[in-house]
Amino acid sequence: NNNNNNNNNNIHTINTTTHSTSFFDVSTSSMQQQNRRRGRMSSKTNAAASSDTKPQKKVTESKPRLPAMDSMRFFLIGYIAIGHFIACATRDPLLLKMLSQVNVVVGAFFVLSGYVAAYTASELNKYEHTEKRFLPTKVAYTIQRVMGYYPLYFATQILFMPVFLIADVTYNGWAKSALHAGLTFSLSQAWFPSHAELWNAPTWFLSALTFAFVVLPYALPSIAKLKRKGLQRLFVKLILLTCLVKFAYCYDVSGFAFFEGTMPPKTHPSWMFWNSVRFSPLFSTIDVLIGAVSARLVMIDGVEKVNFDSVLQKPVIPLLLMIGLIVGRGYSIVSMSDAIARSIFVPLFAWFTMNIHRETVSSSPRASQFSISSVLSWKPLTYLGAISFPIYILHGPIGQIFYKRVVANKIFGFVFTSKPEFFPVWIGIVLVSAAIVNEVFLKNKKVQELSKNVSNSLVSLSISE
């Protein structure tokens, strides 16, 4: 679904919502590198302390590696990418309902973004943030986080611009297309409910996440100061706030039982209202903060003990509840709107992420036994997690080439919805393309250096102002 009404009949996809997170710019692989650097710094500091009687600076405790987070990212992105285009491969009602709940699952990406942001920018077993993460200014933090994902986003915008313009110019003309280019290149499209899915539709997520990164440097230091009871109270308040937003939408449109993922826009009483709820950077930031609070609840386990033997600490419990929610709605066992389902899915995912984190760092005998965290730490899965950001960026434009009517007809003379057997081929093209982009672009030293220079220049500019 494209929310521009002129394009509604142009693309054979369901409502496109998507994923993700600060984990895009600070993946666990980069965290591992940071941790190794911290380890080397700690060793040097300790060596200096033994040979010098002068007082040394306080050493930051090294943070454990969390490889399972990468795999979680892949599974979420895989589900959402398929959900965006599943209507191009089947008309089976059950499959459509099972795989079209992207509006629900997308909340998990905001949670994971906040989780990783708090994990990398606050201290382990201390009630404080990591000051150096916010230096020289809080604006610098935002710039550095955004520059973690903007280079590939920008390159994709340029590479696929002809594809985007075919549809945009056809239906809106050159003047509006130029305006739409400005909105997308500036990552401000999520603020426009009827245009949030312009060009590369799934990247409305990055637009909303960018605003969250403006808020986080002001929120994280305060969150980091809270003890467990304070964090728990804040967690509940954030959940209640996001539930209130979703309840208000459902009440006003009498849509408590809507299934927006498969619902044609013209049958919805207020599609604009729905867009203003699901795309809002303000409301998305609530989910990011939920993730940040969740991370802090685990990071203070060393100073405020929890009962690790409790059944509530097992990842399988929230995992089964999340699967049950998706399957229950798919089989129509549970009747609730995407909005209400998301307000349930988000705390379940936060619970699951906390339990995976605790299971990963646990020193108990069960940690060496078969566990969900050990499965998610399997190297092939963590590799797929490493290429999940390119998958996220590329699956939309590649899908448009084959499945967007005006584009596919222009290129091939037909739309690939007539060939359902092509769907696995599209998946393969996306995976191979993502792997190539990861090796050729994301790991490219020149690209990394250019990104660093641009980031430093922007930071310097923000300081001078």
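Is glutamate 439 buried, partly exposed or exposed? In this predicted model, glutamate 439 has a relative accessibility of 41%, so it counts as partly exposed. That side chain is a handy way into the rest of the structure, since glutamate 439 meets lysine 443 in a salt bridge. Here is a friendly tour of the fold, one pocket, the charged pairs and a patch on the surface.

**Overall picture**

- The protein chain holds 20 helices and zero strands.
- It has 465 residues, and 56% of them count as buried.
- The chain's accessible surface is about 19,900 Å², with 66% of that area belonging to carbon and sulfur atoms.

**The second largest pocket**

- If you are thinking about cavities and grids, the second largest pocket has a volume of about 500 Å³.
- Its lining is made up of 17 residues, and Phe75, Leu76, Leu319, Met322 and Ile323 are the ones that lie nearest the centre.
- Five helices each supply at least two lining residues: α3 (68–85), α4 (93–99), α13 (316–330), α14 (338–361) and α15 (372–376).
- Helix α13 gives the largest share of this lining, with five residues.
- What is the chemical character of the lining of the second largest pocket: nonpolar, polar or charged? The residues divide into 17 nonpolar, no polar and no charged.

**Salt bridges**

- Side chains of opposite charge can pair when their charged atoms come close.
- The count for this model comes to six salt bridges.
- Arginine 73 pairs with aspartate 70, with 2.6 Å between the closest N and O atoms. These two residues are three apart in helix α3, so about one helical turn separates them. Arginine 73 and aspartate 70 are both buried.
- Arginine 329 forms a salt bridge with aspartate 338, and here the closest N and O atoms are 2.7 Å apart. Arginine 329 counts as buried because its relative accessibility is 1%, under the 20% cut-off. Aspartate 338 is buried as well, at 0% relative accessibility.
- In the salt bridge between glutamate 439 and lysine 443, the N to O distance is 3.1 Å. Lysine 443 is partly exposed, with a relative accessible area of 46%, and glutamate 439 is partly exposed too, at 41%.
- Arg228, Asp301 and Arg358 are joined in a network of salt bridges.

**A nonpolar patch on the surface**

- Which residues form a nonpolar patch on the surface? They are Leu450, Val454, Leu458 and Leu461, which together have about 340 Å² of accessible area.
- One of them, leucine 458, lies in helix α20, which covers residues 445–464.
- Leucine 458 has a relative accessible area of 36%, so it is partly exposed.

**A closer look at serine 177**

- Serine 177 sits in helix α8, which spans residues 161–185.
- With a relative accessible area of 1%, serine 177 is buried.
- How far apart are the C-alpha atoms of serine 177 and leucine 165? They are separated by 7.1 Å, while the two residues are 12 apart along the chain.

Definitions and conventions:
Residues are numbered from 1 along each chain as its sequence is written. This is a predicted model: local features need pLDDT of at least 70, side-chain atom pairs count only at pLDDT 80 or more; totals for chains, interfaces and linings use all residues. Side-chain values use heavy atoms; hydrogens and water are left out. Helices (H or I, at least four residues) and strands (E, at least two) are DSSP runs, numbered from the N terminus. Buried means under 20% relative accessible area, exposed over 50%, partly exposed in between (1.4 Å probe, protein chains only). Accessible areas come from the Shrake-Rupley method with a 1.4 Å probe; for residues, only the protein chains shown count as cover. On a 1 Å grid over the protein atoms alone, a cavity is a set of points where a 1.4 Å probe fits but cannot get out, and a pocket is an open set with protein on both sides within 12 Å along at least five of seven lines; lining residues have an atom within 4 Å of a point. Grid points are joined across faces, edges and corners, and a volume is the space filled by probe spheres set on the points. Ala, Val, Leu, Ile, Met, Phe, Trp, Tyr, Cys and Pro count as nonpolar, Asp, Glu, Lys and Arg as charged, and the others, Gly among them, as polar. A salt bridge is a side-chain nitrogen of Lys or Arg within 4 Å of a carboxyl oxygen of Asp or Glu. Patches are made of residues with over 30% relative accessible area and no salt bridge: like charges are joined within 9 Å, nonpolar side chains (Val, Leu, Ile, Met, Phe, Trp, Tyr) within 5 Å.
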